[in-house]
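Open the model in your viewer and keep the selection box at hand. The stops below go in order, each one saying what to select and what is there.

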Amino acid sequence: MLRKLGLLRIFQQRNFGKYEIVKPARISPILDVPENIDKPEYYQTCEPSPALGNPEIKNETQIQHMKASCRLASSILKDLNEFVQVGITTDDIDKYVHEKCIKHRAYPSPLYYRGFPKSICTSVNNVVCHGIPDNRKLINGDIINIDITVYFEGHHGDCSKTYLIGDVDEQGKELISLTEECLKKGISVCGPGVPFVEIGYSIEELATVHRYNVFPGVLGHGIGSYFHGAPDIYHTANTYPGTMESGMTFTIEPALTRGEQMIEVLEDGWTAVTADGARSAQAEHTILINDDGFVILTDQH
Ligand code: MF3
Ligand code: CO
Ligand code: CO
């Protein structure tokens with residue numbers, strides 16, 4: 001019995017596809033942000049201010065600011081289509097995004113957030129999320145999630161996408177496209193009066209039909225003048241209370257795997273990897289609930 005299980009595990013491992021297991025590499029010095037750029041509160045202390053207990057209902061002015069920051073985050077993600085390729089390092093991507101933010105007078109939200117040392121998160125292959133940009137070069141066959149959040153007009157806009165580097169095997173391609181489908185499905189159920197739990201049920205259902213797992217520990221979140229706040233958005237079956245209301249803004253950001261749901265956080269305190277080495281893909285949008293349903297605020301990419 002035991003032996004059989006052991007063999008099965010090896011078989012599954014092989015069956016995850018053709019890719020390199022990624023280990024953290026060297027991190028370059030922290031980049032500067034010019035004085036004239038408006039910074040979030042945690043820039044000084046590394047600690048965000050305590051978040052509101054309940055989901056915030058935003059007024060028209062706040063919504064306009066959210067639209068501006070989300071548009072910017074998403075347009076930078078789109079620009080990366082031209083830039084991301086074999087041979088560049090995740091640190092090169094970080095520098096590119098950092099400079100774009102500054103050019104637009106925006107602050108790259110991850111920088112100093114709870115002490116995070118870089119301006120974006122880059123999560124390659126078996127890294128689920130919160131990968132720290134370093135000097136590892138992208139190689140043919142990698143998949144990489146790039147997660148961009150900008151602080152602009154006093155508000156954060158958050159989005160991410162998983163890119164294919166060169167020739168990715170069929171399993172990698174399927175993982176990415178199903179992840180995008182799951183994000184779309186989770187968004188499609190949203191609207192005023194809809195319980196938050198609907199998002200998780202709908203996403204997990206679609207993933208399960210295709211025999212993929214959704215990481216229960218990776219959550220979406222309310223967003224505004226704060227990076228992370230109420231509500232928590234589960235991407236799996238859950239009992240989180242409450243319903244969506246017009247004026248709420250939050251992210252949906254499911255991460256999927258063909259492997260198991262166990263995640264390990266590495267010694268750097270950030271990099272979350274799959275325990276079994278399987279690949280993970282993620283996709284993220286920030287959305288607004290309005291009287292008619294929802295608006296995808298990060299829809300430029
Ligand atoms: N952008 C990530 C999210 O989607 C959060 C990154 S926090 C950081 O919620 F500190 F790692 F940047
Ligand atoms: Co994000
Ligand atoms: Co997010």
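Select ligand 1 and show the protein surface: ligand 1 sits in the largest pocket. The model is a predicted one.

Next, show the residues around this ligand. How many residues surround ligand 1? There are 14, and the closest are Pro 110, His 221, His 228, Glu 253 and Glu 284. Colour this shell by residue type and you will find 6 nonpolar, 4 polar and 4 charged residues.

Now look at individual atoms. Select His 228: an N or O atom in its side chain is 2.8 Å from an oxygen atom of ligand 1. Move to His 221, where a polar side-chain atom lies 3.1 Å from an oxygen atom of the ligand. Then select Thr 149, which has a side-chain N or O atom 3.3 Å from a nitrogen atom of ligand 1. Zoom out again to the whole ligand: taken alone, ligand 1 exposes 340 Å², and the protein buries 97% of that.

The next stop is a metal. Select the cobalt ion (ligand 3). Which residues are its protein donors? They are Asp 158 (OD), His 221 (NE2), Glu 253 (OE) and Glu 284 (OE), at 2.0 to 2.3 Å from the ion. His 221 therefore appears twice on this tour, as a donor to the cobalt ion (ligand 3) and in the polar contact with ligand 1, within the 3.5 Å cut-off for such contacts. Along the chain, the donors of this ion follow the spacing D-x62-H-x31-E-x30-E. The arrangement around the cobalt ion (ligand 3) is irregular, because its 6 donor atoms subtend angles of 51 to 162°.

Select the other metal, the cobalt ion (ligand 2). Its protein donors lie 2.1 to 2.3 Å away: Asp 147 (OD), listed twice, Asp 158 (OD) and Glu 284 (OE). In sequence, these donor residues are spaced D-x10-D-x125-E. Here 6 donor atoms subtend angles of 59 to 165°, so the arrangement around the cobalt ion (ligand 2) is irregular. For reference, ideal angles for six octahedral donors are 90 or 180 degrees.

Finally, show both metals together. How far apart are the cobalt ion (ligand 2) and the cobalt ion (ligand 3)? The two ions are 3.3 Å apart. Select Asp 158 to end the tour: this residue bridges the two cobalt ions.

Key: Residues numbered from 1 in each chain as written. Chains lettered and ligands numbered in written order. Predicted model: local features only at pLDDT ≥ 70, side-chain atom pairs only at ≥ 80, totals over all residues. Heavy atoms only, no water. Near = heavy atom within 4 Å. Polar contact = N/O pair within 3.5 Å; in protein donor to acceptor, adjacent residues only side chain to side chain. Areas by Shrake-Rupley, 256 points an atom, 1.4 Å probe, with all protein chains shown as cover. 1 Å grid on protein atoms, 1.4 Å probe; cavity = no way out; pocket = protein on both sides within 12 Å on 5 of 7 lines; lining within 4 Å. Sits in = over half its atoms within 2 Å of the grid points. Nonpolar A, V, L, I, M, F, W, Y, C, P; charged D, E, K, R; others polar. Donors = N, O, S within 2.8 Å, 3.2 Å for Na, K, Ca; no water. Tetrahedral: all angles 85-135°; square planar, octahedral: opposite > 155°, others 65-115°.
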